[in-house]
Each structure stands twice: as structure tokens, then as C-alpha cells.
Amino acid sequence: MPLELVKKVDSLHPLLRMELGKSNQSETGFAFDINLTGGKQPGAGFFKSVSVMPNILGYGAFEVSSDEGIRFGGTDKAPAPLDYLACGVAFCFLSHITYYQNMKKLDLTSVKVEQKLHFSVAENLINEKCTSTEKGKCERIDLYVIVESPEPAEEIVKMIETCKAACLALQAIMEPVPAHVELVHNP
């Protein structure tokens with residue numbers, strides 16, 4: 001039986017630390033959270049699974065599995081975490097294009113993306129000899145949006161610029177985002 005990497009589930013795994021909030025729509029915008037919980041089981045190596053669910057009405061929960069490649073000790077039976085990050089950016093961008101297309105009633109014959117995320121990491125980080133000043137980083141994203149359409153070029157350019165600004169996943173990488181990381185040891 002093939003490994004099921006993504007499956008719909010009834011709800012998130014139980015939360016220990018977080019509380020689920022409600023999405024909030026106002027005259028100026030929409031605020032929401034994407035909640036995630038899960039981890040790895042003892043003896044599972046790099047294979048892990050999480051459940052994920054936005055707090056938006058009409059969005060369900062999914063269990064998603066991830067692994068690492070053989071070079072880093074994984075089994076290569078599931079996409080690596082950074083693969084999902086890359087997919088998230090592309091999927092988010094394509095969703096914004098669909099939304100824009102529907103809103104403006106544009107005739108788009110075909111829309112495809114080609115994308116490359118460039119990462120770097122110091123060898124010390126991989127070998128667990130890191131210092132607190134060393135960090136892995138995303139150097140840049142190359143995102144090519146290939147559009148076939150009878151629409152005027154300026155309308156397609158406007159669509160891409162609007163989607164670039166609206167794509168939350170792309171903006172999360174492009175702009176500094178504060179991150180709160182807290183250890184909960186032996187809860």
C-alpha cells in the first residue's frame with residue numbers, strides 16, 4: 001500500500017500550548033491563523049507528520065507527512081520541509097492569480113509557474129557545531145509566471161504585480177517576519 005502523504009482529517013491533533021483563535025474580517029482586511037501541531041515519533045528518523053488547519057470557515061484539517069533525503073539520514077519517502085515551503089509559495093501565488101482572474105473576468109488560456117528557491121547553510125550548522133550567530137537562509141526566489149492569454153500585456157502585468165503584493169507566502173519570505181520560538185520542556 002502506498003504511503004499517504006496528505007490526507008484529510010477531522011481536526012487538528014490535540015494542542016498543548018496554543019489556543020485556536022477566530023478569523024477576523026474588518027472593513028480594511030482579513031486576519032486569520034494557520035494552526036499546526038504534530039511532530040515525530042521515536043525511531044521514525046526524519047519522518048514526521050503534522051496536522052494543519054486555518055481558522056477560516058470552510059477550510060478543513062489535513063495531516064501532512066515529511067521526510068529528508070537520504071544524504072541527511074532520511075528515507076526520501078516524503079517531500080522535505082523546504083519542498084513544502086516552495087510548494088506553498090507557488091500554490092499561494094496561483095491561488096491569487098485565480099482570484100484575480102475571476103474578479104476581473106480575464107481570459108487566461110494557460111498559467112504555469114516555474115520556481116527556484118535558493119538556500120544556503122553553513123556546514124557548521126549541518127554538523128551541529130554551530131554558533132548562535134550562524135544561520136541558514138533563503139538567498140532568493142526566482143518565480144517565473146508563464147501566461148498565455150489574449151488579454152492586453154498591461155493587464156497581465158498588472159495582475160502579476162497585484163498577485164505578487166497579495167501572495168502571503170511570498171511576502172512571508174520577502175519581508176522580515178518576527179518569529180516567536182519557545183521551548184516547552186517536559187510539559
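**View 1. Confidence along the predicted chain.** This model is predicted, and its protein chain averages a pLDDT of 90. At least 70 is the score of 93% of the residues. Where is confidence lowest, and where is it highest? The lowest mean, 62, belongs to helix H2, residues 123-126. The highest, 98, belongs to helix H3, residues 153-166.

**View 2. The largest nonpolar core.** In soluble globular proteins, nonpolar side chains tend to be buried together. Here, the largest nonpolar core has 14 residues. Which of them have the most contacts inside the core? They are Phe93, Ile97, Leu108, Met159, Cys163 and Leu170. Two elements, H1 and H3, give two or more residues to this core. H1 supplies the largest share, with 5 residues.

**View 3. A nonpolar patch on the surface.** Now turn to the surface. Phe30, Phe32, Ile34 and Leu168 make a nonpolar patch there. The patch covers about 380 Å². One of its members, Leu168, sits in helix H4.

**View 4. Cysteines without a disulfide.** A disulfide is a covalent bond between the sulfur atoms of two cysteines. How many disulfides does the structure hold? The count is 0. Take Cys87, which is in no disulfide. Its nearest cysteine sulfur belongs to Cys92 and lies 13 Å away. A disulfide needs the two sulfur atoms within 2.5 Å, so this pair does not qualify. Cys138 is in no disulfide either. For Cys138, the nearest cysteine sulfur is that of Cys167, 13 Å away. Are these two cysteines buried or exposed? Cys87 is partly exposed, with a relative accessible area of 35%. Cys138 is also partly exposed, at 30%.

**View 5. Lys105, a loop residue with a positive phi.** Lys105 lies in the loop between helix H1 (81-104) and strand S7 (110-120). What is the phi of Lys105? The angle is near 55°, a positive value in a residue other than glycine. Lys105 is exposed, and its relative accessible area is 71%. An exposed residue has over 50%, so Lys105 meets that cut-off.

**View 6. Asn186, a positive phi after helix H4.** Where is Asn186 placed? Look in the segment after helix H4 (168-174). Phi of Asn186 is near 50°. Again, the value is positive and the residue is not glycine. Is Asn186 buried or exposed? Asn186 is exposed, with a relative accessible area of 64%.

Note on methods
Residues are numbered from 1 along each chain as its sequence is written. This is a predicted model: local features need pLDDT of at least 70, side-chain atom pairs count only at pLDDT 80 or more; totals for chains, interfaces and linings use all residues. Side-chain values use heavy atoms; hydrogens and water are left out. Helices (H or I, at least four residues) and strands (E, at least two) are DSSP runs, numbered from the N terminus. Buried means under 20% relative accessible area, exposed over 50%, partly exposed in between (1.4 Å probe, protein chains only). Patches are made of residues with over 30% relative accessible area and no salt bridge: like charges are joined within 9 Å, nonpolar side chains (Val, Leu, Ile, Met, Phe, Trp, Tyr) within 5 Å. Accessible areas come from the Shrake-Rupley method with a 1.4 Å probe; for residues, only the protein chains shown count as cover. A salt bridge is a side-chain nitrogen of Lys or Arg within 4 Å of a carboxyl oxygen of Asp or Glu. pLDDT is the predictor's confidence in each residue, from 0 to 100. A nonpolar core is a set of buried Ala, Val, Leu, Ile, Met, Phe, Trp, Tyr and Cys residues joined through side-chain atoms within 4.5 Å.
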